[in-house]
Each structure stands twice: as C-alpha cells, then as structure tokens.
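Trainee: I would like a close look at one part of this protein rather than a tour of the whole. Please take me through it slowly.

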Amino acid sequence: MKKELVVFTGAGISAESGIKTFRDSNGLWEEYDISEVATPEAWNKNYKLVLDFYNKRRKQVLEASPNAAHKALVKLEEKYKVTIVTQNIDDLHERAGSKNVLHLHGEIIKARSSVDPTLIYPIQGWEIKPGQKCEKGSQLRPHVVWFGEEVPEMPKAFKIVEKVDILIVIGTSLNVFPAASLIYYTRPSTPIFLIDPNAGNLEQLPVLKIIRKKASEGLNELVELLMNEHAD
Ligand code: OAD
C-alpha cells in the first residue's frame with residue numbers, strides 16, 4: 001500500500017513558468033482591482049472587461065510550460081499515492097504529467113454557461129468572445145471561481161486531506177479562504193512541509209517544516225528526501 005500524499009499548490013509554483021502571482025510585489029492584484037475583474041458584480045457591470053482579463057490570463061498560460069517544480073511532483077507518484085489540490089487555474093500540473101489534480105478555483109482553459117454551471121466547454125484558441133453562448137443561449141464565462149462565489153470542490157478537498165499521510169504546501173500566501181483552511185484539516189500527527197521563499201511562521205502548526213526556497217529548488221530537496229524515506 002502506497003502512503004497518501006497531498007500537494008496543495010498556489011500561484012508560487014507557476015512563478016518559475018513566468019506566470020505572475022497575485023500578492024507579491026508586482027503581482028496581478030497590484031495591476032488590477034479584484035472588484036472590477038473577479039467578482040459576479042464585475043461580470044454584471046462590465047462582462048467584456050472580465051472576459052478580457054481572463055483572456056489575457058489564458059493566453060499567458062497557453063504560452064507557458066511546466067517548470068521543474070511541476071515535474072518533480074510527478075516523480076513522487078512512483079512511491080506515493082499523490083493528489084494535487086491546486087488553487088491555480090492553469091493546467092501546468094496536468095501538462096507536467098500529474099495524474100490526479102483537483103482545481104479548487106476552476107480551470108482557465110474551459111468556459112461555462114453563465115446560467116447553468118453544469119454546462120462546461122473546452123475553449124478553441126485563447127479567447128472567449130462576447131456573443132459566444134452556451135446551448136441555453138447565455139453568454140459563456142470563464143470556468144473559474146470568483147470572489148464571493150462558492151468553492152464547489154472544497155468538501156472533496158477537505159475529505160482527501162483528512163486522511164492523508166503527508167501534506168506538502170507550495171507557493172501560496174494562504175490568504176484566500178476557504179482554500180487556505182485546508183492545512184488545518186490533517187490529522188494532528190501528519191507531517192506538513194511548506195515550500196515558499198516568503199513563508200510566514202504558522203506557529204500554530206507544530207508539525208510544520210518550512211523550506212524557505214523557490215518551488216523548484218525546495219522540491220528538489222524534498223522529493224529526494226521523500227523518495228529515500230522507508231515505507232512503513
Ligand atoms: P499569492 O499571490 O497570494 O501568493 C503567492 C505565494 O507564492 C507567495 O507566498 C509567494 O511568496 C510565493 N512565491 C513566489 N514565487 C515563488 C516561487 N518561485 N516558488 C515558491 N513560492 C513562490 O497566490 P495564492 O496564494 O495562490 O484566487 O492565491 C490564492 C488565490 O488568490 C488564487 O487562487 C486566486 C487569487 O486571488 C481567485 O482568483 C479566486
């Protein structure tokens with residue numbers, strides 16, 4: 001029986017692929033106002049601006065490639081049963097080869113109906129254009145979670161983390177809830193590794209080991225350690 005390992009990722013793991021994070025200096029939320037581009041109210045006020053914001057994000061994602069950190073996580077599957085729970089809307093984990101990826105905040109490469117969330121479509125090219133409609137006649141929107149919306153995959157993520165043997169957290173400021181609360185759902189003895197060059201202390205988590213390095217460098221070390229660990 002393989003040990004179960006969850007990797008909880010944020011924007012920092014894709015930074016070395018050239019995709020901007022949100023809250024670092026020069027991050028996306030310095031350039032854009034969340035309330036103008038990433039909320040249901042923004043969509044109702046000016047949906048073209050919202051489409052344009054996510055079209056730009058999609059173009060960047062399509063032009064980017066998985067980096068060494070995404071690839072290192074694939075190696076862990078040789079020894080562990082790995083689930084990636086990501087806040088990222090890019091598909092770099094999948095393109096690196098990870099088999100089991102749960103997207104908490106949606107997927108930029110897909111569109112969905114703005115009246116029926118079960119109608120999800122692949123996108124041809126990099127744009128959702130104004131006037132492109134679902135089969136029920138409503139404008140297509142990006143298949144992402146906006147601020148103020150529910151996170152439908154959260155209950156599934158909590159369930160996975162509750163029974164995990166090892167948790168690795170990479171490149172997230174742990175600022176956005178409910179996603180950030182995942183790290184408190186492990187069993188008390190489960191080891192947690194956090195890789196982030198600017199990690200805070202999170203002293204309330206005694207099981208936590210912090211690796212203050214970039215994702216690729218930090219994972220290089222951690223994957224080696226975990227691959228050499230004796231299985232119980
Ligand atoms: P943030 O931008 O809030 O945090 C990015 C984290 O990555 C920071 O802690 C950085 O220190 C770290 N970082 C930067 N470069 C790194 C590198 N090379 N290697 C490792 N870590 C690095 O991004 P998230 O925490 O992912 O949600 O943001 C969470 C959510 O806020 C996103 O999913 C998105 C955003 O608004 C929605 O849009 C709903």
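Trainee: How many bridges join strand 8 to strand 9?

Mentor: Four bridges join strand 8 to strand 9 (residues 208–211), and the two strands run parallel. Before going on, note that this is a predicted model, in which local features need pLDDT of at least 70, side-chain atom pairs count only at pLDDT 80 or more, and totals for chains, interfaces and linings use all residues. Residues are numbered from 1 along each chain as its sequence is written, and side-chain values use heavy atoms, with hydrogens and water left out.

Some terms come next. Helices (H or I, at least four residues) and strands (E, at least two) are DSSP runs, numbered from the N terminus. Two strands pair if DSSP finds at least two bridges between them. The protein chain has nine strands, along with eight helices.

Strand 8 covers residues 192–195. Besides its link to strand 9, strand 8 pairs with strand 7 (residues 166–170), also over four bridges and in the parallel sense. Leucine 194 shows both links: valine 169 stands opposite leucine 194, and in strand 9 the bridge partner of leucine 194 is isoleucine 210.

Now the side chains. In a regular strand they alternate between the two faces of the sheet. In strand 8, Ile192 and Leu194 point one way, while Phe193 and Ile195 point the other way. These four residues are all buried, a word that means under 20% relative accessible area, with exposed over 50% and partly exposed in between (1.4 Å probe, protein chains only). For the protein chain of 232 residues, 50% count as buried.

The loop between strand 7 and strand 8 deserves a look too. Leucine 174 lies in this loop. Its phi is near 55°, a positive value in a residue other than glycine. Leucine 174 has 16% relative accessibility, so it counts as buried. Proline 178 is in the loop between strand 7 and strand 8 as well, and the peptide bond leading to proline 178 from phenylalanine 177 is cis, with omega near 10°. For background, most residues other than glycine have a negative phi, and most peptide bonds are trans.

A positive phi also turns up elsewhere: asparagine 26 has a phi near 75°. Asparagine 26 sits in the loop between helix 1 (12–15) and helix 2 (28–31). At 53% relative accessibility, asparagine 26 counts as exposed, whereas leucine 174 counts as buried.
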